[in-house]
Amino acid sequence: MQIQVMNSPFNQEQAELLNRLLPTLTETQKNWLSGYMAAAVPGTAGAPVEEAKAQSAAPAISKEVTILYGSQSGNAQGLAKNAGKTLTESGFQVTVSAMSDFKPNNLKKIQNLLIVASTHGEGEPPDNAISFHEFLYSKRAPKLDNLNFSVLALGDSSYELFCQTGKDFDQRLAELGGTRLYPRFDCDLDYDEPAAEWLEGVLVSLSEAQGGSAAPVQAAASPTGESVYSRTNPFKAEVLENINLNGRGSNKETRHLELSLEGSGLTFEPGDTLGVYPENDPALVEALLGEMKWDSEEKVTVNKQGEVRPLKDALTSYFEITVLTKPLLGQVAEISADEDLHELVSPGNEEKVKAYLEGRDLLDVVRDFNLSGIPAQKFISILRKIPARLYSISSSLAANPDEVHLTIGAVRYEAHGRERNGVCSILCAERLQPGDTLPIYVQHNQNFKLPANPDTPVIMIGPGTGVAPFRSFMQEREEIGAEGKSWMFFGDQHFVTDFLYQTEWQKWLQDGVLTKMDVAFSRDTDEKVYVQHRLLEHSKELFEWLQEGAAVYICGDEKNMAHDVHNTLLEIIEKEGSISREEAVQYLTDMQQQKRYQRDVY
């Protein structure tokens, strides 16, 4: 059996090293190593008496545990809170905090630290982990010789720098003198089982250090009054409406979905997201079955729990077949005899692998390499579960009881000679009809919330489908009668065809619910104009709003729009505040610490 992060206590690098080493060992070497390891563990049979005495004489570890999380969409935060609840129920005194709310100088006072951190973008820490990450890697970081720690890293193996933020924290805490309480776990998108295994290992380690033993970790029950539906038990929501928001002749197709929550018990706040479990394109599934010459009705086991499904159903609604990852390509090579594939994944070809993965899917792999003949069960056992797609909720529950609305841009493009479709967006655009159901759950996101004080001015920047949470914000503010000023910046390609929710924005302006709105339609003028240009045009007034305590919200594409808007805000603060760029950076950092600068970016 291959050692994986999912089925062992080893991190990714350790698992890869062991998988390369173990097949090369003789039986004699394995037996010797087994005996050596048993003797090396203090307190076990054969362990040196001095080591066992030293272990028993070691001071007991404190029952105080600090859990810090770095979270962009809310996954890491949810896991951190669950860990805190479990440890509290086991008798530990637990503090759970966002990294941005934690004073880094208190780090040297802590004995037990658990880190739960996601990786954002290309190996970057999430927004609320940036300052803590920078502190740890600065000269101000203290020696942590008395620290015991463990890291749970979340990531997506389709990205090159998988779980990089968690790896950074794990490495740096060790460099500063900390001792690993339990090995780091690197979790892919389907993180529930490895996260539970990590928590159980941490609890055992903490309990053994106290001289006791830990009871098995039980799945946390939903508090009374909370919905029974969740990420692992999605609610099948009926589609009430599915309409195209773009006008005739638009280059885009943006779907407005209204889903019924009746009977679910699900609740949400503006700023939260909705997880949607999609199905793969039937045409892609049929092509894959045909290329591999598989029987669509063959029964296959899809998970460790022994769930059995017909192969076609498994490929349609259970497994991911549209995204390739480096680990998956390596695993395909292990079960294939194709020499070209073996050559591609051989050491030294990392850049070729990276180039191959870009824009390709599983059908490309089976067509590009000689894979027919591999049994279906063997092949699907290396596939990962299809992940939910997260969408910003575009409605207020107060304004639309028992409903949730989404704003989804249809994704279509061509790559490597084939037309490609977004899995969930094209399901919604082409195959989903009113009366159908979608498996959904609510993903709470405390990192993108309206100010607690409704009198606080708000500035919202959301081009394209980035408008979604701000529709939710405005519906909510209208319902509660918020008095604070509000300013919306929206952009898209064409005014006539792409002004999403135009009549609603105009009504809010007319009724005074929205104070100001500025728009940028990039294809309506010779010179392309984007939202950041509108920000600059109103530089003086925008800075006055900031000085009055306004909260700024950005939603949309991180790599381009959010990056450009961030730099534009720095430029405005520097210019209008007559301060240096360094001071402008600190100004925005302070706003972030005060939760006055929040981003929902992807």
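## A walk through a predicted model

Let's start in strand S2, which covers residues 93–98 and has alanine 98 in it. This is a predicted model, so keep that in mind for everything below. Alanine 98 counts as buried, at 5% relative accessibility. Leaving aside residues up to four places away in sequence, alanine 98 touches Tyr69 and Asn128. Its C-alpha atom is also 9.7 Å from that of valine 116, and the two residues are 18 apart in sequence.

**The chain overall**

Zooming out, the protein chain has 602 residues, and 50% of them count as buried. Its secondary structure adds up to 22 helices and 21 strands. If you look at contacts between residues at least 6 apart in sequence, 74% of them join residues at least 24 apart. The exposed area of the chain is about 28600 Å², with carbon and sulfur atoms supplying 50% of that.

**Asparagine 242 in strand S7**

Next up is asparagine 242, which sits in strand S7. Is asparagine 242 buried or exposed? At 11% relative accessibility, the residue counts as buried, since the cut-off for that label is under 20% relative accessible area. Its side chain has two backbone oxygens to talk to: that of cysteine 428 at 2.8 Å, and that of leucine 432 at 3.0 Å. Both partners turn up again in the contact list of asparagine 242, which reads Arg255, His256, Leu257, Cys428 and Leu432 once residues up to four places away in sequence are set aside. There is also a long hop along the chain here: asparagine 242 and leucine 406 are 164 residues apart, yet their C-alpha atoms are separated by 9.6 Å.

**Arginine 231, ahead of S7**

Strand S7 spans 235–244, and the loop between helix H7 (192–209) and this strand is where you find arginine 231. Despite being an arginine, this residue is buried, with a relative accessible area of 16%. Which side chain does the side chain of arginine 231 make a polar contact with? The partner is tyrosine 191, at 3.3 Å. Tyr191 is one of the residues that arginine 231 touches, along with Leu189, Asp190, Asp192, Tyr277 and Tyr441, again not counting residues up to four places away in sequence.

**Isoleucine 382, in another loop**

Isoleucine 382 belongs to the loop that runs between helix H14 (376–380) and strand S12 (389–392). With 15% relative accessibility, isoleucine 382 counts as buried. What does isoleucine 382 touch, not counting residues up to four places away in sequence? Its contacts are Leu328, Gln331, Val332 and Ile335. As for C-alpha spacing, isoleucine 382 and phenylalanine 319 are separated by 9.8 Å, with their positions 63 residues apart along the chain.

Here are the C-alpha pairs from the text side by side.

| Pair | Apart along the chain | C-alpha separation |
|---|---|---|
| alanine 98 and valine 116 | 18 residues | 9.7 Å |
| asparagine 242 and leucine 406 | 164 residues | 9.6 Å |
| isoleucine 382 and phenylalanine 319 | 63 residues | 9.8 Å |

**Helices H20 and H21**

Now for a helix pair. Helix H20 takes in residues 539–547 and helix H21 residues 558–576; their axes come within 10 Å and cross at roughly 90°. That is why H20 and H21 count as roughly perpendicular to each other, a label that covers angles of 65 to 115 degrees. On the H20 side, the meeting residues are Ser539, Lys540, Leu542, Phe543 and Leu546, and on the H21 side they are Leu569, Ile572, Ile573, Lys575 and Glu576. Sorted by class, this contact has 6 nonpolar, 1 polar and 3 charged residues.

**Two positive phi values**

If you like checking backbone torsions, have a look at serine 578, in the loop between H21 and helix H22 (581–593). Its phi is near 50°, a positive value, and the residue is not a glycine. Serine 578 counts as exposed, at 65% relative accessibility.

Lysine 293 is another one to inspect. What is the phi of lysine 293? It comes out positive, at about 55°, although lysine 293 is not a glycine. This residue is in the loop between helix H8 (282–292) and strand S10 (299–301). Its relative accessibility is 69%, so lysine 293 counts as exposed.

Terms used
Residues are numbered from 1 along each chain as its sequence is written. This is a predicted model: local features need pLDDT of at least 70, side-chain atom pairs count only at pLDDT 80 or more; totals for chains, interfaces and linings use all residues. Side-chain values use heavy atoms; hydrogens and water are left out. Helices (H or I, at least four residues) and strands (E, at least two) are DSSP runs, numbered from the N terminus. Buried means under 20% relative accessible area, exposed over 50%, partly exposed in between (1.4 Å probe, protein chains only). Contact means heavy atoms within 4.5 Å. Accessible areas come from the Shrake-Rupley method with a 1.4 Å probe; for residues, only the protein chains shown count as cover. Axes are lines fitted to C-alpha atoms, for helices over the stretch in contact, and angles run from 0 to 180 degrees between N-to-C directions. Angles under 35 degrees count as roughly parallel, over 145 as roughly antiparallel, 65 to 115 as roughly perpendicular and the rest as oblique. Ala, Val, Leu, Ile, Met, Phe, Trp, Tyr, Cys and Pro count as nonpolar, Asp, Glu, Lys and Arg as charged, and the others, Gly among them, as polar. A polar contact is a pair of N or O atoms within 3.5 Å; within protein, one must be able to donate a hydrogen and the other to accept it, and residues adjacent in sequence count only if both atoms are side-chain atoms.
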